[in-house]
Amino acid sequence: MDCFVRVALQGSTGRRLLSPASSGIIALAMARFGIEEEVFITEPERPNLRSLYYLAKLLAKNPRFYYTHSAHNFTRGKDVVNGLMSGVEISTAIYSDPDAVVDDLARRRADLAQVASGLIVPVGHLLDIDAPSNTCAIHVHIDGVPDKRRLYRNILHFLPVLCLFTANSPMVAGSYFGKSYRMHASYAIGPIKSDWTIRFQDVIFSKRLKTIELRVCDPCWDLTRVRYLLRAVAAIAELDDTLEPNTELYNALRERICREGLLDETAHLADELRSIVDFPMELITRTASDELHEVYESCGLVGAYSALDNGYRNGVFEPREVSIKKTLHFATAAVGFAGYFIPRLPFYAVKGLLEM
């Protein structure tokens, strides 16, 4: 996540001791949170290189912030037959208050909505294709805790529930899949391995940022769902106990969770999580994926995407009339490359070195 680069380089993680001469007390570490959110911008069925043009406008709007708090993704390998452009990314600043980080995300969303005329589609995987390299996510980063191993284990303990707060990828190639096809198929996540630094897992320790990174969650339009997810993560970060990570059980059940959501075998974890943080059970029993599939069934592809766009921009999950330019002009793509892609090449180079 771009917004954590400065913190990682400064080394301001873990417990910080104040000088006895200055205060005579120990300042306890406080968890800090940040969000990076990826979304598609469709025109109207698929993204195209106009997304880079929108990012160039976003960068011009606030270059100091969005140089490190935005990004783009291209489709990979054989999935390019569905189009070169994948999702775009915005990220928040860093906060110790989970509600504050979601409030910041709302401001970043407003900035993106102001510059993007396409349909902003917060979904894990586009509904009408099968492209595992063409996915979007919402990643939560946690820093500042004194024992990151304990936090990692405790996040794993509740992972069968946490992934459902924003699960939002119901379909593949126009057919219903379940709660999250992205969770099932994306190259960028996967079952938990013995090495917590291997990048493409559902939860990792980020070598570049030195954070615990929750990668499994899909993006969704509903900020209420995101807010409860962050509150849950914050409550877990405050736990003094080291919980059983249940890695083998999670990996064994993962495929069913992708399709079915909350299982009989994991229902007790929802009750346990609710004992430390309040949230409506309906958030995980009726997922954003369920709501999206219903709209798709009644309104079709563009209708579903317009509802997601409406929810993202206005907080109203209903289809609306849209007018989208389907033709991509060379000049628009050129402005996107010149105004966004090329200026950020040095940042890509530094980021690549830090991730090695």
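This tour moves through a predicted model, from the whole chain to one strand and its partners, and then to the nonpolar cores and a helix.

**The whole chain**

Begin with the complete chain in view, where 14 helices and eleven strands can be coloured by type. Of the 356 residues in the chain, 56% are buried, and the surface that the chain exposes comes to about 14,600 Å², with carbon and sulfur atoms supplying 54% of it. If you display contacts with a separation of 6 or more, 76% of them are between residues 24 or more positions apart.

**Strand β3 and its partners**

Select residues 32–42, which form strand β3, and note that ten of its eleven residues are buried, so that the strand is mostly covered. Next add residues 138–143, strand β7, which runs antiparallel to β3 and is joined to it by six bridges; within this pairing, Glu36 stands opposite His139 of β7. Then bring in strand β5, residues 85–91, which is also antiparallel to β3 and is joined to it by four bridges, and look for Glu37, whose bridge partner in β5 is Ile90. Finally add residues 119–121, strand β6, where three bridges make another antiparallel connection to β3, with Ile41 standing opposite Ile120.

**The nonpolar cores**

Now select Ile142, Leu162, Phe165, Leu214, Leu229, Leu230 and Leu273, which touch the most other members of the largest nonpolar core, a set of 82 residues. Helix α8, residues 223–237, gives the most to this core, with ten residues. Apart from this core lies another, of 20 residues, and Phe40, Met171, Val295 and Leu308 are among its members.

Centre the view on Leu214 and show its surroundings: leaving aside residues up to four places away in sequence, Leu214 touches Ile138, His139, Val140, Ile155, Leu159, Asp202, Val203, Leu229 and Val233.

**Helix α10**

For the last stop, select residues 267–274, helix α10, and within it pick out Leu269, Ala270 and Leu273, which are buried. Viewed down the axis, these three residues cover an arc of only 105°, which means that they lie on the same side of α10. As background to this view, an α-helix has 3.6 residues a turn, so residues three or four places apart point the same way. To see what the buried residues of α10 pack against, display α5 (148–157), α6 (159–162), α8 and α11 (282–285) together with the helix.

Notes. Residues numbered from 1 in each chain as written. Predicted model: local features only at pLDDT ≥ 70, side-chain atom pairs only at ≥ 80, totals over all residues. Heavy atoms only, no water. Core = buried A, V, L, I, M, F, W, Y, C linked by side-chain atoms within 4.5 Å. Buried < 20%, exposed > 50% of the residue type's maximum accessible area, 1.4 Å probe, protein only. Helix = DSSP H or I, 4+ residues; strand = E, 2+ residues; numbered from the N terminus. Contact = heavy atoms within 4.5 Å. Arc of directions from axis to C-beta. Areas by Shrake-Rupley, 256 points an atom, 1.4 Å probe, with all protein chains shown as cover. Pairing = 2+ DSSP bridges.
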